[in-house]
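Visitor: Please show me the model, and then I will ask what stands behind the terms used for it.

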Amino acid sequence: MAQLTLNLPIGSIGLSFTPESAREMKAALNQLMECLKVTSNKPTTGGKVSPQKPMEYRYTGDVFLELFCNPNIYPTPFAAKVLITLRDDRIRVSVEAELMQILEDLNQFLDAEG
């Protein structure tokens, strides 16, 4: 396992992570991007876009990591924020981070892993 670092608005968090789990997380975030694109392409003729399901990703390793985002509340993928919860039996941290930053951090992790 390698160290995945997620950069936050203030500081960063790091955790042991596998490349396979990073690819699964990236797939979930890519699906979220597609949902965000659907919600941002609202019809101008007064029609409604059907609500998209929230994205939830969970990883259990040395610690529990959960990502959550409701794509229906953001106007574009670039404005989207993801709630990150990282916890174990002694500590819990919940913080919001920009979707684009998380994707960039994941790409760097996967590039480093080859």
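The talk below goes through strand pairing, burial and the core.

Guide: This is a predicted model, in which local features need pLDDT of at least 70, side-chain atom pairs count only at pLDDT 80 or more, and totals for chains, interfaces and linings use all residues. Residues are numbered from 1 along each chain as its sequence is written, and side-chain values use heavy atoms, with hydrogens and water left out.

Visitor: What makes E1 and E2 a pair?

Guide: Strands are DSSP runs of E, at least two residues, and helices are runs of H or I, at least four, numbered from the N terminus. Two strands pair if DSSP finds at least two bridges between them. Strand E1 (residues 2–7) and strand E2 (residues 12–17) are joined antiparallel by 6 bridges, so the criterion of at least two is met. Ala-2 lies opposite Phe-17 of E2. In their hairpin, with 4 residues between the strands, Gly-11 has a positive phi near 90°.

Visitor: Why is Gln-52 called buried?

Guide: Buried means under 20% relative accessible area, exposed over 50%, partly exposed in between (1.4 Å probe, protein chains only). Gln-52 has 17%, therefore it is buried. Gln-52 sits in the loop between helix H1 (19–40) and strand E3 (55–60). Contact means heavy atoms within 4.5 Å; not counting residues up to four places away in sequence, Gln-52 touches Cys-35, Val-38, Thr-39, Pro-71 and Asn-72.

Visitor: Which residues touch the most other members of the largest nonpolar core?

Guide: A nonpolar core is a set of buried Ala, Val, Leu, Ile, Met, Phe, Trp, Tyr and Cys residues joined through side-chain atoms within 4.5 Å. The largest has 32 residues, and Phe-17 and Leu-29 touch the most other members. H1 gives the largest share of this core, 7 residues.
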